Amino acid sequence: MEEKMYIIDLKDLRNDVERRSYHLDDAFFSGLDGKDIKGGNVDAEVEVRKSGDAFEMTLRCEGVVTVVCDRCLDDMTEDVFTEEVIPVRFGHDNEDSGDAVIVSEEEGLLDIAWLMYELISLSLPMQHVHEDGLCNKEMMTRLAEHSANVQADGESTVDPRWNELKKILDNN
């Protein structure tokens, strides 16, 4: 991943609006040390609007990413479509920013690589699970064998303590 291509020099913006397009592929996602997304094929549009000393950045991402299924641990794909408007302003690193991204006034450089990764990651469902029947069958068999709620014959069991607690609720 060529890191310089994801840096916007806010001090050197020639126009009031700057637009950039990126194609985020497996190399982009593996180049970042993110743990959730393994790869992908995402088109990203970035627009930075200058308004005095402040900026407004719009990030729009659309495509597909590869993540690990939480149930069977095989790779799976998730569709991505997200758009976010992020305020950006100059300041100091230790300054409380609220929702704004703070860029060092001395440098004036905004690295958007991690911002795009986070935006994509936050747009994904919390659980990554294959559609019914698409999980790795061998893994699902092993999972069923070790499940605490399944007997040897495959019947579900209920912990008897729950039955006692249910009696208390029924009496009220």
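This is a short tour of a predicted model, stop by stop, with something to select at each one.

**The whole chain**

Start with the protein chain in cartoon view. Its secondary structure comes to four helices and seven strands. Follow the ribbon along the sequence and you will meet them in the pattern β-β-α-β-β-β-β-β-α-α-α. If you colour by accessibility, 32% of the 172 residues count as buried.

**Before the first strand**

Select Lys 4, which sits in the segment before β1 (7–9). Is Lys 4 buried or exposed? Lys 4 counts as exposed, because its relative accessibility is 70%, and the cut-off for that class is over 50%. Now add Asp 111 to the selection. Lys 4 and Asp 111 are 107 residues apart along the chain, yet 8.4 Å separates their C-alpha atoms.

**The β3–β4 hairpin**

Next, select residues 39–51 for β3 and residues 54–68 for β4. These two strands run antiparallel and are joined by 13 bridges. To see one facing pair, show Val 46 and look across to Leu 59 in β4. Then move to the turn of this hairpin, where two residues lie between the strands. Gly 52 is the one to pick there, with a positive phi near 70°.

**On to β5**

Keep β4 on screen and add β5 (75–91). How many bridges pair β4 with β5, and in which sense? There are 15 bridges, and the sense is antiparallel. Two facing pairs make handy landmarks. Gly 63 stands opposite Val 80 in β5, and Met 57 stands opposite Ile 86 in β5.

The hairpin of β4 and β5 has six residues between its strands. Select Leu 73, found in the loop between β4 and β5. Its phi is near 70°, a positive value in a residue other than glycine. That deserves a pause, because most residues other than glycine have a negative phi. Leu 73 also counts as exposed, at 56% relative accessibility.

Stay with β5 and click on Thr 77, which lies in that strand. Thr 77 is exposed, with a relative accessible area of 54%. For a contact across the sequence, add His 128: the C-alpha atoms of Thr 77 and His 128 are 8.9 Å apart, though their positions lie 51 residues apart in sequence numbering.

**A parallel neighbour**

Add β6, residues 101–104. Here the sense changes: β5 and β6 pair in the parallel sense, over four bridges. Show Phe 90 and you will find Val 103 of β6 opposite.

**The cysteines**

Now select the cysteine side chains. How many disulfides does the whole structure hold? A search finds zero. Take Cys 72 as an example: the nearest cysteine sulfur, that of Cys 69, is 3.8 Å away, and Cys 72 is in no disulfide. The reason is the cut-off, because a disulfide needs two cysteine sulfur atoms within 2.5 Å. Cys 72 is buried, with a relative accessible area of 2%. Another one to show is Cys 61, which counts as buried at 0% relative accessibility.

**The largest pocket**

Switch on a surface and select Glu 84, Val 85, Ile 86, Pro 87, Asp 99, Leu 115, Glu 118, Leu 119, Leu 122 and Ser 123, the residues that line the largest pocket. Its volume is about 190 Å³. Which elements give two or more residues to this lining? They are β5 (75–91) and α2 (113–123). The largest share, five residues, comes from α2. Colour the lining by class and you get six nonpolar, one polar and three charged residues. You have already met Ile 86: this lining residue is the one facing Met 57.

**Last stop: helix α4**

Finish by selecting residues 160–171, helix α4. How many of its twelve residues are buried? The number is zero, so α4 lies largely in the open. You can also check the helix length in your viewer. At 1.5 Å a residue, its twelve residues should span 16 Å, and the end C-alpha atoms are 17 Å apart, which agrees. While the helix is on screen, try picking side chains three or four places apart: they point the same way, because an α-helix has 3.6 residues a turn.

Note on methods: Residues numbered from 1 in each chain as written. Predicted model: local features only at pLDDT ≥ 70, side-chain atom pairs only at ≥ 80, totals over all residues. Heavy atoms only, no water. 1 Å grid on protein atoms, 1.4 Å probe; cavity = no way out; pocket = protein on both sides within 12 Å on 5 of 7 lines; lining within 4 Å. Points joined across faces, edges and corners; volume = space filled by probe spheres on them. Nonpolar A, V, L, I, M, F, W, Y, C, P; charged D, E, K, R; others polar. Buried < 20%, exposed > 50% of the residue type's maximum accessible area, 1.4 Å probe, protein only. Expected span 1.5 Å × (residues − 1). Pairing = 2+ DSSP bridges.
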